[in-house]
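Visitor: I would like to take a close look at one part of this protein, the places where aromatic rings come together. Could you guide me through them slowly, beginning with any term I need in order to follow you?

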Amino acid sequence: MFYKFVGGDEPVLLDIFDKAVENGSLKFTSALGFNDPFEFKFNSIAPTREAFDAWHKTYDPGRSADELEHGWASFFGKSADWNTNFVPRQNLLHQLYVLCLARRWDSHLMWAHYARNHQGYALIYRPEIVEAVEALADHTGTGDIDYGTQLPSLRWFQVTREDMLEPVLFTKSEEWAYEREFRLILSGPPSKPALYETVDPDLVAGVVLGTRAPKTVIDVALAVQRSRPNFIVRKVTSTSCSYALNAYDVDANSWRYGHML
């Protein structure tokens with residue numbers, strides 16, 4: 001399963017729950033709006049001239065001789081860093097839209113950072129969400145994030161476009177490793193705040209409620225469960241002898257002060 005943490009005030013929580021669970025809405029956030037402004041950085045690695053010419057002969061044969069010479073010249077001189085690092089990164093940031101999921105729900109940091117200190121919830125997505133997004137026309141990439149201390153390399157014109165971009169799209173600082181992020185990426189018109197797509201609502205298998213989730217959110221989750229009996233409704237609590245998080249099935253008669261245990 002995959003998890004999408006949701007935070008906000010009560011009206012926002014209810015609105016997102018309704019759109020996601022009832023209508024199957026997915027929000028792909030612009031890379032420009034990420035909370036880490038240093039994502040999608042890379043080291044630019046210039047090709048050999050032979051590799052440059054061979055790549056364009058295979059993947060972009062329509063380029064004129066003048067265009068090829070101009071492209072090759074961009075790797076050299078005082079403007080090389082601008083041409084092969086700054087401008088390409090800005091283009092990426094303006095055109096990428098990302099749905100960030102997590103492979104775990106039991107992270108203290110995730111609940112604190114993304115679910116408004118346990119007042120929000122984590123939507124549970126079935127594994128089939130991957131196939132549904134990959135079927136979208138503007139799908140650009142899918143995968144787990146690699147975490148490290150070194151920037152990824154963008155090896156210009158040495159592999160396919162997809163292989164060139166993959167390390168850039170799926171590498172983050174090791175300080176984010178607690179997220180265990182799984183990323184689904186679309187490309188779209190530049191500089192929009194987000195793109196919205198719709199999938200089968202049944203791909204939302206259920207919800208894990210924060211231990212401080214408001215009763216209104218619990219009530220709407222249980223209402224969905226009455227119409228969809230397999231819809232999971234759980235609430236976070238703590239184990240009695242450690243800091244580890246646990247979750248229990250919620251029904252109309254079960255309540256716990258999970259943060260007090």
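Guide: Let us begin with a term: a residue counts as exposed when its relative accessible area is over 50%, as buried when that area is under 20%, and as partly exposed in between. Cys241 serves as an example, because its relative accessibility of 77% makes it count as exposed, whereas Cys100, with a relative accessible area of 23%, is partly exposed. The model in front of you is predicted, and a search of the whole structure finds 0 disulfides in it.

With that term in hand, consider the setting of the rings. The protein chain has 261 residues, of which 42% count as buried, and its fold includes 8 helices and 14 strands. Among the contacts that join residues at least 6 apart in sequence, 80% are between residues at least 24 apart.

Now to the rings themselves, for which the count comes to 16 aromatic pairs. One of them is formed by Trp55 and Tyr59, whose ring centres are 5.1 Å apart and whose planes meet at 40°, so this pair is tilted. Both residues belong to helix α2, which covers residues 49-59, and they are 4 residues apart there, about one turn of the helix. The two partners can be told apart by their accessibility: Trp55, at 5% relative accessibility, counts as buried, while Tyr59, with a relative accessible area of 39%, is partly exposed.

Another pair is made by Phe75 and Trp156, with ring centres 6.1 Å apart and planes at 75°, so this pair is edge-to-face. Phe75 sits in the loop between α3 (65-73) and α4 (80-95), and Trp156 sits in the loop between β8 (153-155) and α7 (161-169), so the pair ties together parts that are 81 residues apart in sequence. Phe75 is buried, because its relative accessible area of 11% is under 20%, and Trp156 is buried as well, with a relative accessible area of 15%.

It remains to put the two pairs into one picture. Ring pairs link Trp55, Tyr59, Phe75 and Trp156, together with Phe52, Trp72, Phe76 and Phe157, into a cluster. As you trace this cluster in the structure, you can therefore pass from helix α2, where Trp55 and Tyr59 lie, to the two loops that hold Phe75 and Trp156.

Technical notes. Residues numbered from 1 in each chain as written. Predicted model: local features only at pLDDT ≥ 70, side-chain atom pairs only at ≥ 80, totals over all residues. Heavy atoms only, no water. Disulfide = S-S within 2.5 Å. Buried < 20%, exposed > 50% of the residue type's maximum accessible area, 1.4 Å probe, protein only. Contact = heavy atoms within 4.5 Å. Phe/Tyr/Trp six-rings, centres within 6.5 Å; stacked < 30°, edge-to-face > 60°.
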